[in-house]
Amino acid sequence: MLESSKVPALTRAIEILDLIARRGPCSAATIIDELGIPKSTAYLLLGELKKQRFLSIDIQDNYCLWTKLVELAGHAVSRMDLRELARPRLTRLMDECGLLCHLGIIDRDNAYYILKIESPATISVRSHEGKSLSLNRSGIGKCLLAWQSAQAQETIIAGLAWEKTTQNTITDAQQFKEELARIRARGWSYDNGEDYPDVRCVAAPVFNASNELTAAISVVGTRLQINEDNRDYLAGKAIACAKDISRLLGWKSPFEQQAS
C-alpha cells in the first residue's frame with residue numbers, strides 16, 4: 001500500500017490504526033515490527049495520533065484506539081441514521097407530490113445529496129446520491145446556507161464562484177445575501193431555474209433537538225411540473241415533511257417548547 005501512496009505518512013498512520021483495530025492494544029515495538037516502519041517515524045506518528053486523541057496509552061504502555069475515533073464514528077452513524085429516518089417520510093412526500101425528492105447536507109463549504117427518492121413520473125430530473133451541489137444556485141444549497149451563522153455565511157459567500165449558468169442565476173453577493181434573508185424569513189427556498197434552466201426545486205430545512213440545522217429536503221421537477229400555480233403548495237408539503245423528520249431528531253416548535 002505504501003509504495004503506491006501519494007501521502008505515505010497518512011498511509012502509515014492509517015495502517016497503525018488498522019493494526020490496533022485488528023490486534024487490540026499494541027506496543028510500539030510490535031507496531032514497528034509488524035508494519036516495518038522506521039523507529040523514528042513510528043514514534044513521530046504515534047505521538048501525533050496520541051495528541052489528536054486517535055490513540056491512548058494503557059497501563060502496560062500499549063497503544064490503544066481512543067476517543068477521537070468514537071467521535072468521528074458517531075458523526076458518521078448519525079448521518080446514516082438520518083437517512084433511514086428520512087427515507088419513509090421522503091417516500092411519502094414523493095407519493096403525495098409525484099416528484100423526485102432529495103435529502104441533502106452541508107459539509108464545510110459544499111452541499112451533497114445523501115438520499116434520493118425517485119418518482120415514477122415520465123419526466124424525470126437526473127441526480128444521484130453523493131452529488132455535489134452549488135450552494136448559491138440549488139434549492140437545497142441555498143436552504144442549507146440560509147440557516148448558517150452570519151459568520152459562516154460570510155466566509156462561504158466570500159469563497160463562492162459567481163458563475164452565471166442560466167439567465168436566473170444570482171451573481172451578486174449582496175443580492176444573494178438578501179435572497180438568503182428572504183428564505184430564512186419564509187421558511188423555504190426556491191431554485192427558479194438558477195442552476196439548470198428547465199429545473200425547479202423547493203427545499204425546506206431539517207433541525208435537531210438543539211434547533212441546529214442538520215439537513216434539508218427538496219422536491220424537484222421540471223418547469224412544467226413546478227411553477228407559480230403549485231410552488232407554494234409544494235413548499236408547504238416540503239416544510240411539513242421537514243418538520244416531521246426534525247421531530248424524529250428531537251426538535252420542537254416554539255409552541256411545543258412552551259407547552260412542554
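Which residues does N136 touch, not counting residues up to four places away in sequence? This tour of a predicted model begins with that residue.

**First stop: N136**

Please select N136, which lies in the loop between β5 (132-133) and α5 (139-146). With a relative accessible area of 2%, N136 is buried. Its contacts, with residues up to four places away in sequence left out, are K142, L160, A161, W162, I170, F176 and E194. Add S134 to the selection: the side chains of S134 and N136 are joined by a polar contact of 3.0 Å.

**Second stop: R137 and D195**

Next, select R137 together with D195. Their side chains form a salt bridge, with an N to O distance of 2.8 Å. R137 is in the loop between β5 and α5, whereas D195 is in the loop between β6 (189-192) and β7 (199-207), so this pair ties together parts that are 58 residues apart in sequence. R137 and D195 are both buried.

**Third stop: a network of charges**

Now display K142, E179, R182 and E194, which are linked in a network of salt bridges. Two of the names are familiar from the first stop, since K142 and E194 are among the residues that N136 touches. Side chains of opposite charge can pair when their charged atoms come close. The count for the model comes to 17 salt bridges.

**Fourth stop: helix α4**

Select helix α4 (residues 67-97) and find E71 and K68 within it. A salt bridge of 3.4 Å, N to O, connects the two side chains. E71 and K68 are three residues apart in the helix, which means that about one helical turn separates them. E71 is partly exposed, at a relative accessible area of 32%.

Proceed along the helix to E96, and add K237. The closest N and O atoms of this salt bridge are 3.6 Å apart. Because E96 belongs to helix α4 and K237 to helix α8 (residues 231-248), the pair ties together parts that are 141 residues apart in sequence. E96 is partly exposed, with a relative accessible area of 40%, and K237 is likewise partly exposed, at 24%.

**Fifth stop: C97 and C101**

Select C97 and C101. Why is there no bond between the sulfur of C97 and that of C101? The sulfur of C101 is the closest cysteine sulfur to that of C97, but the distance is 5.9 Å, too far for a bond. The model has zero disulfides. C97 is buried at 16% relative accessibility, and C101 is buried at 0%.

**Last stop: a surface patch**

Finally, select V7, L10 and I14. These residues form a nonpolar patch on the surface, with about 250 Å² of accessible area together. V7 is located in the segment before α1 (8-23) and is partly exposed, with a relative accessible area of 45%.

Definitions and conventions
Residues numbered from 1 in each chain as written. Predicted model: local features only at pLDDT ≥ 70, side-chain atom pairs only at ≥ 80, totals over all residues. Heavy atoms only, no water. Patch = residues over 30% accessible without salt bridge, like charges linked within 9 Å, V, L, I, M, F, W, Y side chains within 5 Å. Areas by Shrake-Rupley, 256 points an atom, 1.4 Å probe, with all protein chains shown as cover. Salt bridge = Lys/Arg side-chain N within 4 Å of Asp/Glu carboxyl O. Helix = DSSP H or I, 4+ residues; strand = E, 2+ residues; numbered from the N terminus. Buried < 20%, exposed > 50% of the residue type's maximum accessible area, 1.4 Å probe, protein only. Disulfide = S-S within 2.5 Å. Polar contact = N/O pair within 3.5 Å; in protein donor to acceptor, adjacent residues only side chain to side chain. Contact = heavy atoms within 4.5 Å.
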